[in-house]
Amino acid sequence: MDDSVEKPKSLKFKEPVIDVAFSPAADLVASSLITGHVFVHRYAVGGNERKLRQKAHRKSCRSLCFSEDGSLLYTASKDRSWQAMDVETGGEKMRLEGAHDKAINLVKYVNEQIIATGDEGGGVKLWDVRKNKAAFAYKEHVDYISDMTFHKEKRHLLTTSGDGCLSVYDVRKSKPFHVSENQDDELLSVAVMKGGKKVVVGETDGVLGIFTYGQFSDVTDRFPGHPQSIDSICKLTEDLCVTGSSDGLLRIVQLFPHKLVGVAGDHESLPVEKVILSYDQQWLASSSHDHTVHFWDIGYIFDDGKESEAEDEDKAGELDAQAVAIRISKEIGDESEVDIDGYSDGNDLDDGNGSGNGKGKGDGDGDSDGSAQRELSKPTQAKKKKPAASFFADL
């Protein structure tokens, strides 16, 4: 592949980025910061444009996601609140304070009626947005909720936790559909693959654990190969995914047969916290500890798939991993490839605690930039009897 392919410039912020999400309907990307601010940018090869900057929460905004039509942005915070805002105006559509007993780690759009949230104590709640109240509350986990994904056909919400278990919830029922056995390692990420037949989880020891759908007691397959923890999984096709690891690499992984196909991006040894795919399947976006959201070209994978379909209808939908061109983009530190963003003045950093330039204030809870970065950079230990510290502990 041509290494000179143009891509949107990276978005550089003045504070750590905790989460990032692509709109499912437009060229928009949302970023949440440790200060509680939320940004929405229109991204393009010719230049990025900031569309929205909002102080959404008093403390760090740990998670965000778009509605199915892209008109609403849901955010959740360490301050135990979650809200829905209008993407165009930034206006608040709804807000629930004290939604959990513990700080909220994740918010997940399920459908137009249901929003899922998970907290750092292992609690999961399904919210009826029509009534602005919880429909179901689950307490199967004893440690932080690390990731969620929704299987639309089965109407199952799948969650991973630092306690080493995978839980599956039928969103129509008050009891869990299944809770796996403890995998003796923290589960950090999850994706449904192979046409809904497999569930892949990322573990702290660098192993991809693979469950057969419906057989959730224990994994039926394991794929080692990552030298460090797998903090994020982004599904590309039914056979290919991209993993974000603590060693800074975005790896393209094929399943059945299992192989590491190559590298889609490199954060230069900084841990990758999130990797996502744009709605048009052209770009990956990823965030790490450098206060930056990076874009990576991934469209060539889907172009290869289309060419393969045209050549052989019997292989429609399958991608030849050997045909996937690999390249590593080095963006960090190149000013020509970075859009500086964040705050125009000190007042934008004021979270009610008198923070001026934002330095040393973190999310208003006594956490400074430095302490947050150090906490993020600590290697996650395998689960022992005592619950491990959450990635979000100091965010």
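These are my notebook entries on what I looked up in this predicted model.

**Entry 1: the chain as a whole**

I began with the overall make-up and found 2 helices and 29 strands in the protein chain. Of its 395 residues, 58% are buried. I then looked at contacts with a separation of 6 or more, and noted that residues 24 or more positions apart account for 48% of them. The protein chain exposes about 16300 Å², and I recorded that carbon and sulfur atoms supply 44% of that area.

**Entry 2: strand 3 and its two partners**

I turned next to strand 3, residues 28–33, and asked myself how many of its residues are buried. The count is 6 of 6, so strand 3 is largely enclosed by the rest of the structure. In a regular strand the side chains alternate between the two faces of the sheet. I therefore listed the two sides of strand 3 separately: Leu-28, Ala-30 and Ser-32 lie on one side, Val-29, Ser-31 and Leu-33 lie on the other, and all of them are buried, which means under 20% relative accessible area.

I then followed the pairing on both edges of strand 3. Strand 2, residues 17–22, runs antiparallel to strand 3 and is joined to it by 5 bridges, with Val-20 standing opposite Ser-31. The hairpin that strand 2 and strand 3 form has 5 residues between them. Strand 4, residues 37–42, is also joined to strand 3 by 5 bridges, again in an antiparallel arrangement, and here I noted Val-40 as the bridge partner of Ala-30. The hairpin of strand 3 and strand 4 has 3 residues between the strands, and within this hairpin Gly-36 takes a positive phi near 95 degrees.

**Entry 3: strand 14 and strand 15**

I looked up strand 14, residues 145–151, and found that it is mostly covered, with 7 of its 7 residues buried. Strand 14 is joined by 6 bridges to strand 15, residues 156–161, and the two run antiparallel. Thr-149 stands opposite Leu-158 in strand 15. I also checked the hairpin of these strands, which has 4 residues between them, and noted that Arg-155 takes a positive phi near 60 degrees there.

**Entry 4: salt bridges**

A search of the whole structure gave me 13 salt bridges. Side chains of opposite charge can pair when their charged atoms come close. I followed one group in detail, the network of salt bridges that links Glu-92, Arg-95 and Glu-97. Arg-95 forms a salt bridge with Glu-92, where the closest N and O atoms are 2.9 Å apart, and the side chain of Arg-95 also meets that of Glu-97 in a salt bridge at 3.7 Å, N to O. I wanted to know where these residues stand in accessibility: Arg-95 is partly exposed at a relative accessible area of 26%, Glu-92 is partly exposed at 49%, and Glu-97 is partly exposed at 49%.

**Entry 5: the loop between strand 22 and strand 23**

I moved on to the loop between strand 22 (230–235) and strand 23 (240–245), where Thr-237 is found. Is Thr-237 buried or exposed? Its relative accessibility is 13%, and because buried means under 20%, I entered Thr-237 as buried. The side chain of Thr-237 reaches the backbone nitrogen of Leu-240 at 3.0 Å, and a polar atom of this side chain lies 3.1 Å from the backbone nitrogen of Asp-239.

I also noted a salt bridge between Glu-238 and Lys-235, whose closest N and O atoms are 2.9 Å apart. Glu-238 counts as partly exposed at 34% relative accessibility, and Lys-235 is partly exposed with a relative accessible area of 32%.

**Entry 6: the largest nonpolar core**

My last search was for nonpolar cores, and the largest of them has 17 residues. Those with the most contacts inside this core are Leu-236, Val-242, Ile-252, Leu-284, Ile-298 and Ile-301. Strand 23, strand 24 (249–254), strand 25 (259–266), strand 26 (274–277) and helix 1 (299–311) each supply at least two residues of the core, and the largest share, 3 residues, comes from helix 1. In soluble globular proteins, nonpolar side chains tend to be buried together.

I then listed what Leu-284 touches, leaving out residues up to four places away in sequence, and its contacts include Phe-22, Cys-234, Leu-236, Val-242, Ala-264, Val-275, Phe-295, Trp-296 and Ile-298.

Technical notes. Residues are numbered from 1 along each chain as its sequence is written. This is a predicted model: local features need pLDDT of at least 70, side-chain atom pairs count only at pLDDT 80 or more; totals for chains, interfaces and linings use all residues. Side-chain values use heavy atoms; hydrogens and water are left out. Buried means under 20% relative accessible area, exposed over 50%, partly exposed in between (1.4 Å probe, protein chains only). Two strands pair if DSSP finds at least two bridges between them. A polar contact is a pair of N or O atoms within 3.5 Å; within protein, one must be able to donate a hydrogen and the other to accept it, and residues adjacent in sequence count only if both atoms are side-chain atoms. Contact means heavy atoms within 4.5 Å. Accessible areas come from the Shrake-Rupley method with a 1.4 Å probe; for residues, only the protein chains shown count as cover. A salt bridge is a side-chain nitrogen of Lys or Arg within 4 Å of a carboxyl oxygen of Asp or Glu. A nonpolar core is a set of buried Ala, Val, Leu, Ile, Met, Phe, Trp, Tyr and Cys residues joined through side-chain atoms within 4.5 Å.
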